[in-house]
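Trainee: I have a new structure open and would like to learn how to read it. Could you walk me through a few of its features?

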Number of protein chains: 2
Amino acid sequence: MIENSYYSQEMHGPYGVHDIGNLELEEGGTIRGCKLAYAAFGTLNEARDNAILIPTWYGGTSKIIEQVYIGPGRALDPDKYFVIVINQIGNGLSSSPHNTPPPAGMANFPRVRIGDDVRAQHRLVTEKFGLDSLALVAGGSMGAQQTYEWAVRYPDVVKRAAPIAGTAKNTIHDFLFAETLVEAITSDPGFNKGFYASHEDVREGLLRHTKMWAVMGWSTEFFQQNRHKVLGYSSVDDLVINLMYDLFSRMDPNNLLCMAWKWQRGDVSRQTGGDLRAALSRIKAKTFVMPMSSDMFFPPADCQAEWRLIPNAEFRPIQTIDGHLALLGADPDAISQLDRHLSELLATGT
Amino acid sequence: MIENSYYSQEMHGPYGVHDIGNLELEEGGTIRGCKLAYAAFGTLNEARDNAILIPTWYGGTSKIIEQVYIGPGRALDPDKYFVIVINQIGNGLSSSPHNTPPPAGMANFPRVRIGDDVRAQHRLVTEKFGLDSLALVAGGSMGAQQTYEWAVRYPDVVKRAAPIAGTAKNTIHDFLFAETLVEAITSDPGFNKGFYASHEDVREGLLRHTKMWAVMGWSTEFFQQNRHKVLGYSSVDDLVINLMYDLFSRMDPNNLLCMAWKWQRGDVSRQTGGDLRAALSRIKAKTFVMPMSSDMFFPPADCQAEWRLIPNAEFRPIQTIDGHLALLGADPDAISQLDRHLSELLATGT
């Protein structure tokens, strides 16, 4: 275990924590007493059919989902829906390398896959909330990977699905990009094979990791049109340090690596012996596939190719020059497009 | 000085070497006895008006230009033109960190700018070949940066210009990308602040540098369409190691950093107090602006914005999914488009 005040109720709460017991992992390990942190908004109705599940993205927690996506009058309206945001394993609030006691923590934390997260979340929503139906599963980036996994794995539970800025099967290009992020961290001598005394020992690696996020995370248009200045940052360096590194520099390197490993290997076709068409054809949810138009991680063409394989799906790209990081909500127009599509999706009968 | 058999007549020759004397640099340093390596093809005609100058790109030498772009029946036809390929400072054949004797070599090699290269090349073509006119200056990537610099700095010399996959003023996004390449190298403990015993001491940094080239250098489409397999590489890793790292792993890290520093700061508006419009309006050459359609370094939109500021220019994008690295010539269709445009440009009267 390692002290890190970033992962706290003060920074990211209020959130609840539920122990789902031992979680046996696809790669062979076990997380003993696996804890999932979640934040819930609104009230479950009597029919128990108004629950929405939102999984989290790389480096994100339930807090940013709450801040950017949930609110009265929004698509994810707590006056109408019971919205549960579940923090993915490794994100620092749920069971993660940094908060797992010896000997299984830090670099010894076992390999986790997207499918493990989704099975764990399924336990949470059934055991804790008694749900057998989700009106919607929606998530961005790694949240989209989990959304696809939910829709393929539990087709009778998931009534609607909104994978945003993410794919059902990760591309080899995106795998390679994530590998450069991993190596930015692991190549820092302060990383010490994952057994550092403090995440601050890895500050240089985390800064390189941050810069690579800045290169691929926004878009060339974003910088050409001086969007960073509009957002209050005087230069690219100012944006990199005071927006992006301000976040990544507080995070635990092993936590990031745990998530990156999952992200690289997200692939629903593991459920069907590698047949992506067969996997996606299992989806019963009404699905809106929503890439960001300028996304360099998960380009629209990649998302569109998957959309064609989903039985009851619509392709709803979001127009923005904020790239993948439009998910952060800095482009209000992108967020309003998202809200409009999500509202429309929620209005469809199932 | 450091031994490196990669930079040799055996690997990249035959090439000539011309000493242009001391080169005082824009940043204040001096390269004493600055040597430019060049390869010449064809014969200068009596009117001395059939010379074509080709500057080189990051990590490239005159050899790949010869192999991919020059030949009888091609646009750059040595039966018709006198084609001089001049190796940029820092590329390992011309004066570079690795081949400069102490105390000025390795990490002490002075900062060089694109403008320094072009002034040095101007000395070479006037002193050595007595040229006061160039029928064409054409180059890719950093070669495009030098092409723009030539056309702005010597408007009466350059009759035609073909900047390919590059910009006149580097974007801040591309600056940031190149910074991640720099840091991949400098963060390797074996780099030892630039005073390593062998480039092999920096092998891990060079490998990270290579992978980031692979992420940004091709395109997502390239991998989705399995172009790497078409080219004979069984996986992305196979491509990264056996095509890209096979080259970069032999290069000198300080040489790469010298070129990267220049690349980041390429900007013809330095000649006009920061006014890009004023700089580009100086160009008298008939100019074809030729971005690669899928280029993530120098996207077509960035090149198009500059094209609008050039008096006598046409916008001629090359359709390819090979991204920036289409320059390497693996997409024969891209190369044939290039040839067609260059032939047309050379046929225009001036």
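Mentor: Gladly! Keep in mind that this is a predicted model. Let us begin where the chains meet: 28 residues of chain B are in contact with 28 residues of chain A.

Trainee: How is the size of such an interface expressed?

Mentor: The size of an interface is often given as the accessible area lost when the parts come together. Here chain B and chain A bury about 2,500 Å² between them, and 73% of that lies on carbon and sulfur atoms. H173(B), L176(B) and V215(B) supply 24% of the area that chain B buries against chain A, more than any other three residues.

Trainee: How many salt bridges are there between chain B and chain A?

Mentor: The count is 2 salt bridges. In one salt bridge across the chains, the side chain of K211(A) meets that of E183(B), at 2.6 Å from N to O. Residue pairs in polar contact between the two chains number 7, counting those with both residues at pLDDT 80 or more.

Trainee: Which element gives the most to the side of chain B that touches chain A?

Mentor: That is α5(B), with 7 residues.

Trainee: Now a salt bridge inside one chain. What does the pair D117(A) and K262(A) tie together?

Mentor: The closest N and O atoms of D117(A) and K262(A) are 2.3 Å apart. D117(A) lies in helix α3 of chain A and K262(A) in helix α10 of chain A, so the pair ties together parts that are 145 residues apart in sequence. Both D117(A) and K262(A) are buried.

Trainee: And R250(A) with D246(A): how far apart are the closest N and O atoms?

Mentor: They are 2.9 Å apart in that salt bridge. R250(A) is partly exposed, with a relative accessible area of 30%, and D246(A) is partly exposed too, at 32%.

Trainee: Finally, how do I read a strand?

Mentor: In a regular strand the side chains alternate between the two faces of the sheet. Take strand β7 of chain B, residues 136-140. L136(B), A138(B) and G140(B) point one way, V137(B) and G139(B) point the other way, and all are buried.

Trainee: Which strands pair with β7(B)?

Mentor: Strand β5 of chain B pairs with β7(B) in the parallel sense over 2 bridges, with L53(B) partnered by V137(B). Strand β8 of chain B is also parallel to β7(B), over 4 bridges, and there A138(B) has A162(B) as its bridge partner. Follow the chain and you will see β7(B), helix α4 of chain B and β8(B) make a right-handed β-α-β unit.

How values were computed. Residues numbered from 1 in each chain as written. Chains lettered and ligands numbered in written order. Predicted model: local features only at pLDDT ≥ 70, side-chain atom pairs only at ≥ 80, totals over all residues. Heavy atoms only, no water. Buried < 20%, exposed > 50% of the residue type's maximum accessible area, 1.4 Å probe, protein only. Pairing = 2+ DSSP bridges. Right-handed = clockwise from strand over helix to strand, strands pointing away. Contact = heavy atoms within 4.5 Å. Buried area = accessible area lost by both parts, 1.4 Å probe. Salt bridge = Lys/Arg side-chain N within 4 Å of Asp/Glu carboxyl O. Polar contact = N/O pair within 3.5 Å; in protein donor to acceptor, adjacent residues only side chain to side chain.
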